[in-house]
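I sat down with this entry to look up its fold, its cores, its pockets and a few backbone oddities. My notes follow in the order I took them.

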Amino acid sequence: MSEKRELRIVFMGTPEFAVTILDTLLNNNYNIVGVITAPDKPAGRGRKLNKSAVKEYAETKGLNILQPTNLKSEAFLEELKQLNANLQIVVAFRMLPKAVWQMPDYGTFNLHASLLPNYRGAAPINWAIINGETKTGVSTFFIDEKIDTGEMILQEAVNIDANENAGSLHDKLMHLGSKLVIKTVKHIAIGDVKTTPQPEDAISKTAYKLNKDNCKIDWNKDIDTIYNKVRGLSPYPAAWSKLNNGEETLDIKLYTVEKQEINHDYSIGSIISTKKEVKVAVKGGFINILDIKLPGKRTMDIKSLLNGYAFKTDAKML
């Protein structure tokens, strides 16, 4: 076995997902010489500056934090160089210029929440569920010029439960990813990393960035497609629909639904409500709404909503 290398690691990441990985590295006594994260952003009515989850955590650990607005700026590149890192680890950050990813001697690797080469892109956890996958996983790879295309180091698969949502899968992959990052770093430390090129011919699915258009429910789709869309976008950013109820048309969000596979004669999108439940007629059955959010209201379970809100007999999802 090769002699163990002394690692000086720069960690790059922004959201909660990345915090768990950074925490695991520190708990395994790795030397984190710098943390690169997104600049603070104004949020809320007071436009108060919000720190990224990674920055908040890094501050509690007294880590050296850099928040560049421009990753190509000479000033940032010089600061990065001064850290004298020999390995960079990227988790849920942004695309890096070549001057950054090629800087350390042992390379820059990324943790991605999918079984690459499938689901390259911004929202791999959501799209795996939206597309009805029964399996996904995490991959580590060395960064190159393109997005999520570099040589793979390690990969680990996990099952997606039939009623799993994006929130529970996020947590599952976060913990699996932590273990995979540690395994990857151990290989780099002893210098026995073996990489494999990603098979170009196997790419069939992309993790497109989520936007208002691709988060809207198409009620003309079959029952499984609609069910998967709701759970794949829950709890964030949430699947949405237009609700036509008498004189008003509202944009509503759905967080939890059940599917009821049964033949019926209702027109697609029709809402059937009782004192206890609300369901929408779709191809192949009904989508039962369990948690819903109306504009300007908090998210609530359907029974709470029905205490103060009535659906007309001709109410419909559009």
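**Overall**

I started with the secondary structure and found eight helices and 18 strands in the protein chain. I am working from a predicted model. I took the extent of the C-alpha trace next, and along its principal axes it spans about 70 × 45 × 30 Å. I then checked burial: of the 318 residues in the protein chain, 47% are buried. I also looked at contacts between residues at least 6 apart in sequence, and 66% of them join residues at least 24 apart.

**Nonpolar cores**

Which residues touch the most other members of the largest nonpolar core? I found Ile89 and Val185, in a core of 75 residues. Helix α6 gives the largest share of this core, with 10 residues. I noted a separate core as well, made of 20 residues, and Phe93, Leu116, Ile143 and Met152 are among them. Background for this entry: nonpolar side chains tend to be buried together in soluble globular proteins.

I went back to Val185 and listed its contacts, leaving out residues up to four places away in sequence. Val185 touches Leu7, Ile9, Leu25, Tyr30, Leu87, Ile89 and Phe109. Ile89, the other residue I had picked out in the core, is thus on the contact list of Val185.

**Largest pocket**

I looked for open space next. The largest pocket holds about 1500 Å³. I counted 44 residues in its lining, and Pro15, Ala92, Phe93, Ala122 and Ala123 are the closest to its centre. Phe93 had already turned up in the 20-residue core.

Which elements supply at least two residues of this lining? I have three helices and two strands on the list: α1 (16-27), α5 (124-130) and α6 (166-190), with β7 (108-112) and β13 (248-261). By class, I sorted the lining of the largest pocket into 26 nonpolar, eight polar and 10 charged residues.

**Second largest pocket**

I noted about 150 Å³ of space in the second largest pocket. Its lining consists of Lys4, Arg5, Glu6, Leu7, Arg8, Asn28, Asn29, Tyr30, Asn31 and Ala189. By class, I have three nonpolar, three polar and four charged residues here. Leu7 and Tyr30 line this pocket, and both also touch Val185.

**Helix α1 and what follows**

I checked the length of α1. It has 12 residues and reaches 17 Å from first C-alpha to last, close to the 16 Å expected at 1.5 Å a residue. I then listed its buried residues: Phe17, Ala18, Val19, Thr20, Ile21, Leu22, Thr24 and Leu25. Leu25 is also a contact of Val185.

Just after α1 I met Asn29, with a positive phi of about 65°. Asn29 sits in the loop between α1 and β2 (32-36). Is Asn29 buried or exposed? I read 70% relative accessibility, and because the cut-off for exposed is over 50%, Asn29 counts as exposed.

**Cis peptides and a second positive phi**

I scanned omega and noted a cis peptide bond between Leu116 and Pro117, with omega about 15°. Pro117 is in the loop between β7 and β8 (120-121). Leu116 is a member of the 20-residue core.

I found another cis bond between Ser234 and Pro235, with omega about 10°. Pro235 lies in the loop between α7 (223-232) and β12 (239-245).

That loop gave me one more entry. Ala238 is located between α7 and β12 too. Its phi is near 85°, a positive value in a residue other than glycine. Is Ala238 buried or exposed? I read a relative accessible area of 3%, so Ala238 is buried.

**Asn228**

My last stop was Asn228, in helix α7. Its relative accessibility is 12%, and because buried means under 20%, Asn228 counts as buried. Which residues does Asn228 touch, not counting those up to four places away in sequence? I listed Ile129, Ile130 and Gly132. I also took a distance from Asn228 to Asn126: they are 102 residues apart along the chain, and their C-alpha atoms are separated by 9.6 Å.

Methods:
Residues numbered from 1 in each chain as written. Predicted model: local features only at pLDDT ≥ 70, side-chain atom pairs only at ≥ 80, totals over all residues. Heavy atoms only, no water. 1 Å grid on protein atoms, 1.4 Å probe; cavity = no way out; pocket = protein on both sides within 12 Å on 5 of 7 lines; lining within 4 Å. Points joined across faces, edges and corners; volume = space filled by probe spheres on them. Helix = DSSP H or I, 4+ residues; strand = E, 2+ residues; numbered from the N terminus. Nonpolar A, V, L, I, M, F, W, Y, C, P; charged D, E, K, R; others polar. Core = buried A, V, L, I, M, F, W, Y, C linked by side-chain atoms within 4.5 Å. Buried < 20%, exposed > 50% of the residue type's maximum accessible area, 1.4 Å probe, protein only. Contact = heavy atoms within 4.5 Å. Expected span 1.5 Å × (residues − 1).
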